[in-house]
Amino acid sequence: MDLDDTLRAWAAQEVTLPTPIVDDVFRQVVASSPGLDTRWWTRFSGRLAANVVASTRPRIPVTGVR
Amino acid sequence: MDRGAEFRELYDAHRTAVHAYFTGRTGDRWLAADLMQETFLRAWRRFPELSGLADDGQRAWLFTVARNLSIDEHRHSRTRAAADAVLRAEPVEVAAPASASVLAAERVAVVAETIKRLPEPQRVALTLAAAGGLTSAEIATALGVPAGTVRYRLSLARRTLAEALSTYDDVEQ
């Protein structure tokens, strides 16, 4: 049993995932909504807050600093 | 072909290498499975843009995500790694074998223990090659390092393993 054979045995024994685990991981991944990035709410609420703050600022004409 | 079936093709093409990468980084194939799942979860969310990429492009995208996840995991596991290092410092006990199959199993155990003690860059490269089935050039692209560096790391790792097996064989004779 040379080094490559031993490495193959090591990979099969210590690294390779059992097929049921591989399939289960896949099922869990595709069960989530595709294309839905949950960070959209953070970005949306951030933009909303910025717009609200901007819209409530008093409108003072900029004519120069006194 | 529906989206799920298309994604299954991508998953089957790259899951072994991604999982091997995380196993090399963490030394724990179950934790690696969790990190692999997180990587493919992000791929699934971005599948419309990923599906248009060639195989190499998909691998590069996945490993960029994997490297970032691995950095986060590394930050969270420093304490655990320190504890593991103490345990790994214990000498490997090798009992007298009784048959060829026992000998083979013990050689695998010697290799497993030696791989755990390799410097991380060597361990990751070796795991990607031996368990992930990637070539030196593919490992280089995945890790973002020159192919020569990967070949050097693999060479050092294999030399260390060969020496460990040689020592084991000497003890057995």
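1. Let's start where the two chains cross. In this predicted model, helix α2 of chain A and helix α1 of chain B make a right-handed crossing. Their axes come within 11 Å of each other and cross at roughly 135 degrees. Angles over 145 degrees would count as roughly antiparallel and those from 65 to 115 as roughly perpendicular, and therefore α2(A) and α1(B) are described as oblique to each other.

2. Now look at who meets whom at this crossing. From α2(A), which covers residues 19-31, the residues involved are A:V22, A:F26 and A:V30. Across from them, α1(B) offers B:G4, B:F7, B:R8, B:Y11 and B:R15. By type, the residues of this contact divide into 5 nonpolar, 1 polar and 2 charged.

3. The numbering in that list is worth a second glance. An α-helix has 3.6 residues a turn, so residues three or four places apart point the same way. With that in mind, try finding A:V22, A:F26 and A:V30 on α2(A) in the structure.

4. Next, follow α1(B) along its own length. This helix spans residues 3-26 of chain B, and a bend of about 45 degrees sits at B:H14. Just after the helix, B:G27 takes a positive phi of about 75 degrees.

5. Stepping back, how many residues does each chain bring to the whole contact? Chain B supplies 31 residues and chain A supplies 24. On chain B, the helices that each supply at least two residues to the side touching chain A are α1, α2 (29-45), α3 (47-50), α6 (100-117), α7 (120-130) and α9 (147-172). The helix that gives the most is α1(B), with 9 residues. This side of chain B divides into 19 nonpolar, 5 polar and 7 charged residues.

6. What is chain B built from? Chain B has 9 helices and 0 strands, so to speak a run of α-α-α-α-α-α-α-α-α from the N terminus on. Of its 173 residues, 32% are buried. Among contacts in chain B with a separation of 6 or more, 66% join residues 24 or more positions apart.

7. Finally, chain A. Here there are 3 helices and 0 strands, and reading along the sequence gives the pattern α-α-α. Chain A has 66 residues, of which 11% count as buried. When you turn the model, you could begin with α2(A) and its crossing with α1(B), then trace the other helices of chain B that supply residues to the side touching chain A.

Methods:
Residues are numbered from 1 along each chain as its sequence is written. Chains are lettered from A and ligands numbered from 1 in the order in which they are written. This is a predicted model: local features need pLDDT of at least 70, side-chain atom pairs count only at pLDDT 80 or more; totals for chains, interfaces and linings use all residues. The bend at a residue is the angle between axes fitted to the seven residues ending there and the seven starting there. Helices (H or I, at least four residues) and strands (E, at least two) are DSSP runs, numbered from the N terminus. A residue is buried if 20 or more other C-beta atoms lie within 10 Å of its own, exposed if 12 or fewer, and partly exposed in between; C-beta atoms are placed from the backbone. Two residues are in contact if their C-beta atoms, placed from the backbone, lie within 7 Å. Axes are lines fitted to C-alpha atoms, for helices over the stretch in contact, and angles run from 0 to 180 degrees between N-to-C directions. Angles under 35 degrees count as roughly parallel, over 145 as roughly antiparallel, 65 to 115 as roughly perpendicular and the rest as oblique. A crossing is left-handed if the near helix is turned anticlockwise from the far one by less than a right angle, and right-handed if clockwise. Ala, Val, Leu, Ile, Met, Phe, Trp, Tyr, Cys and Pro count as nonpolar, Asp, Glu, Lys and Arg as charged, and the others, Gly among them, as polar.
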